[in-house]
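Got the viewer open and a selection box ready? Let's walk through this one stop by stop.

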Amino acid sequence: MEFVGLGPEYAERSPFELSGGQKRRVAIAGVIAMRPEVLILDELTAGLDPRGCDELLGEICEFRRKTGCTVLLVSHSMDEVANVADRILVMNGGRLDMFDTPDKVFAEAEHIEEIGLTVPETTKIMRLLAARGIPVDTSIFRREDAVRALTALRGKGAGR
């Protein structure tokens, strides 16, 4: 329970007294307590606010780091995937369409959009900036990388 950010008082509560996010955390705590070698999570953060999403994903990444557990995250949220995945498997019409590292998958933004998915918001912003003539790398998909790239541009006098 500590691992998912819930104190011991939640262990004694009725599930009917818990919020949706708390129920999800309790369920994850139960699975993690079994020490799985492979953890498959389907739409883990659906319905959670941004802070709850970040916290839960951080906890899962920490669990993976500490235990070496293989984590498969099924998600339609490319922002979520971009921030935690080592490899991305993209399905299209029930078939494997892409399987590669995030940088290689998100470099194929047009293709991803053609099959009905979206690219991370950061990638969308970088593509919009490039379309306006600002010399940015449109394959950037993580916020922190975009901030570094834009800060470096500003230091070179671009965008003024």
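The tour goes from confidence colouring to a helix pair and then to two pockets.

**Stop 1: colour by pLDDT.** This is a predicted model, so start with the confidence values. The mean pLDDT of the protein is 87, and 98% of its residues reach 70 or more. Now pick out the two extremes among the elements: strand β4, residues 95–100, has the highest mean pLDDT at 96, while α1 has the lowest at 81.

**Stop 2: the helix pair.** Select residues 20–33 for α1 and residues 50–67 for α2. At what angle do these two helices pack? It's about 5 degrees, and their axes are 12 Å apart. Anything under 35 degrees counts as roughly parallel, so α1 is roughly parallel to α2.

Next, show side chains where the two helices meet. From α1, turn on Arg24, Arg25, Ile28 and Ile32. Facing them from α2 are Gly52, Glu55, Leu56, Glu59, Ile60 and Phe63. Colour this set by class and you get 5 nonpolar, 1 polar and 4 charged residues.

**Stop 3: the largest pocket.** Switch on a surface and go to the largest pocket, with a volume of about 750 Å³. Its lining is made by 26 residues. To centre the view, select Leu72, Leu73, Val74, Arg87 and Leu89, which lie nearest the pocket's centre.

Which elements give two or more residues to this lining? Select β1 (38–42), α2, β2 (70–74), α3 (78–84) and β3 (88–92). β2 gives the most, with 5 residues. Colour the lining by class again: 20 residues are nonpolar, 3 polar and 3 charged.

**Stop 4: the second largest pocket.** Keep α2 and α3 on screen, since you'll want both here. The second largest pocket has a volume of about 170 Å³. Select Pro50, Cys53, Asp54, Leu57, Gly58, Asp79, Glu80, Asn83, Val84 and Arg143 to see its lining.

Which element supplies the largest share of that lining? α2 does, with 5 residues. Both α2 and α3 supply at least two residues each. In the class colours, this lining shows 4 nonpolar, 2 polar and 4 charged residues.

**Last stop: follow α2.** Hide everything except α2 and bring the neighbours back one at a time. Its Leu56 and Ile60 are among the residues in the contact with α1, and Cys53 and Leu57 are among the residues lining the second largest pocket. α2 also gives two or more residues to the lining of the largest pocket.

How values were computed. Residues numbered from 1 in each chain as written. Predicted model: local features only at pLDDT ≥ 70, side-chain atom pairs only at ≥ 80, totals over all residues. Heavy atoms only, no water. Axes fitted to C-alpha atoms, helices over the stretch in contact; angles between N-to-C directions. Helix = DSSP H or I, 4+ residues; strand = E, 2+ residues; numbered from the N terminus. Parallel < 35°, antiparallel > 145°, perpendicular 65-115°, else oblique. Contact = heavy atoms within 4.5 Å. Nonpolar A, V, L, I, M, F, W, Y, C, P; charged D, E, K, R; others polar. 1 Å grid on protein atoms, 1.4 Å probe; cavity = no way out; pocket = protein on both sides within 12 Å on 5 of 7 lines; lining within 4 Å. Points joined across faces, edges and corners; volume = space filled by probe spheres on them. pLDDT = per-residue confidence, 0-100.
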